[in-house]
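This report examines selected features of one structure: a helix and its ends, a histidine and its surroundings, and a set of charged pairs.

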Amino acid sequence: MEVIKPEAPPVFDFAVRPDYSEFALAANTGRRQPLKGFDADYTDIVDYIVRCTHKIWEEKAIGLIYTHYSHNVTVHTSSGTMYGREAMVVNTIQRIAMYAERRAYADDVIWSGNERDGFYSSHRVASVGTNTGYSPYGPPTGRKVFRWGIADCFVVNNKIVEEWLAHDGITEVRQMGYDPLVLAKNSVWPGNPHTQGEIDRLPTGQQAPEFLVVPSTEEPLAFIAAVLQNLWNARLVNMVREHYAPGHLAFLPDSRKLYGHGDYENFVITLMACFPDLALTIGHQCVQGSAERGYRVATRFTLQGTHEGYGPYGAPTGRRIFLIGISHHVIREGKIVQEWTLFDEFVLLKQLHGRMES
């Protein structure tokens, strides 16, 4: 007699807004997808990302970094690159010491990949805590902090081997009670002894930027890529009214929460005015969802530009910026209806106004 195994539950999906208790109850109940080399208590890649973050940061099992990160992990931020697992341990301890009652609420995990080739995840987190410990900026202020962050991870056999981080750093220091511009001017930024070439926004010299045909949202990755290329690199700001819903909601750096077309267009144009040669380069994309339930697209990118225009970052300094950014876009009924776009504006201020290391 054939024994029919019960069908495994589907992979966890934030489209249905799971509670953390659901992840905890599912531990050690078997795989929801193949996970060669992963610890037995994890059911799928979403569960792995959510619960290993909770274990390390909230349960303070910091030593699990040794089993969940490769010894030579590379972590990319707008401030620079961190190498090695031991640096991760030190950084995590220092960050936890800054905040009591820190909570890292998982808001979404958009992922791709498999156990053979590795998984790529983009984990959006809402972080809440009270500054009760010393920070690089001074003694505890006792202020409550809330900020968004997104961590992109490449994971193989239970270990994160490469990570990219984007968070709302300017909100963090402002809510701690500091003036970000004052801190930026007092910071020391590594000097660049080398000359720099032009930023590759245009194909070559005097040629015009490429205008991409925007495909249907049935190709969500190509749709988002074309909209971003046309909007940011080809300066087609009309992409906002054409492809964003009238009630579009955007969560942006410095705790901006923008509704509709007008303020979002102003955000884009203001950034371009400050950095006339601003260029956005896409590094990675992944997607979850369907046409019926809506698509959720994660896009990691870099921003480069030269500060040659007036705006909220002060008078032009002529300095070059380089930022890592990550966007999560929600697509429904052919339009972008919601997004989270994060890059570290505090690092941007330090790149523009910090004292250059000699």
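In this predicted model, helix α2 is followed by K60, a residue with a positive phi near 65°. At the other end, the start of α2, a side-chain oxygen of D44 comes to within 3.0 Å of the backbone nitrogen of V46. The helix itself comprises residues 45-58. At 1.5 Å a residue, its 14 residues should span 20 Å, and the end C-alpha atoms are 19 Å apart, which agrees with that expectation. Of the 14 residues of α2, 14 are buried, so the helix is largely enclosed by the rest of the structure.

Helix α3 (residues 65-68) contains H68. The relative accessibility of H68 is 1%, and the residue therefore counts as buried, the cut-off for this class being under 20%. Apart from neighbours within four places in sequence, H68 is in contact with D39, Y42, Y48, C52, N158, K159 and I160. Two of these partners, Y48 and C52, fall within the range of α2, residues 45-58.

The charged pairs form a further topic. The structure holds 15 salt bridges, among them the three tabulated here.

| Salt bridge | N to O distance | Location of the partners |
|---|---|---|
| R296 and D13 | 3.0 Å | strand β11 (residues 294-306); segment before α1 (20-26) |
| R147 and E172 | 3.4 Å | strand β5 (residues 144-156); helix α5 (residues 169-175) |
| R241 and E265 | 2.9 Å | helix α8 (residues 239-243); helix α9 (residues 260-274) |

R296 forms its salt bridge with D13 at 3.0 Å between the closest N and O atoms. Because R296 lies in strand β11 and D13 in the segment before α1, the pair ties together parts that are 283 residues apart in sequence. Both of these partners, R296 and D13, are buried.

R147 and E172 are joined by a salt bridge with a closest N and O separation of 3.4 Å. With R147 in strand β5 and E172 in helix α5, this pair ties together parts that are 25 residues apart in sequence. R147 is buried, as is E172.

In the salt bridge of R241 with E265, the N to O distance is 2.9 Å. This pair links distant parts of the chain, helix α8 and helix α9, with the two residues 24 apart. E265 has a relative accessible area of 15% and is therefore buried.

Finally, salt bridges that share partners join D13, R17, D107, D108, R124 and R296 into one network.

Note on methods
Residues are numbered from 1 along each chain as its sequence is written. This is a predicted model: local features need pLDDT of at least 70, side-chain atom pairs count only at pLDDT 80 or more; totals for chains, interfaces and linings use all residues. Side-chain values use heavy atoms; hydrogens and water are left out. A salt bridge is a side-chain nitrogen of Lys or Arg within 4 Å of a carboxyl oxygen of Asp or Glu. Helices (H or I, at least four residues) and strands (E, at least two) are DSSP runs, numbered from the N terminus. Buried means under 20% relative accessible area, exposed over 50%, partly exposed in between (1.4 Å probe, protein chains only). The expected span of a helix is 1.5 Å times one less than its number of residues. A polar contact is a pair of N or O atoms within 3.5 Å; within protein, one must be able to donate a hydrogen and the other to accept it, and residues adjacent in sequence count only if both atoms are side-chain atoms. Contact means heavy atoms within 4.5 Å.
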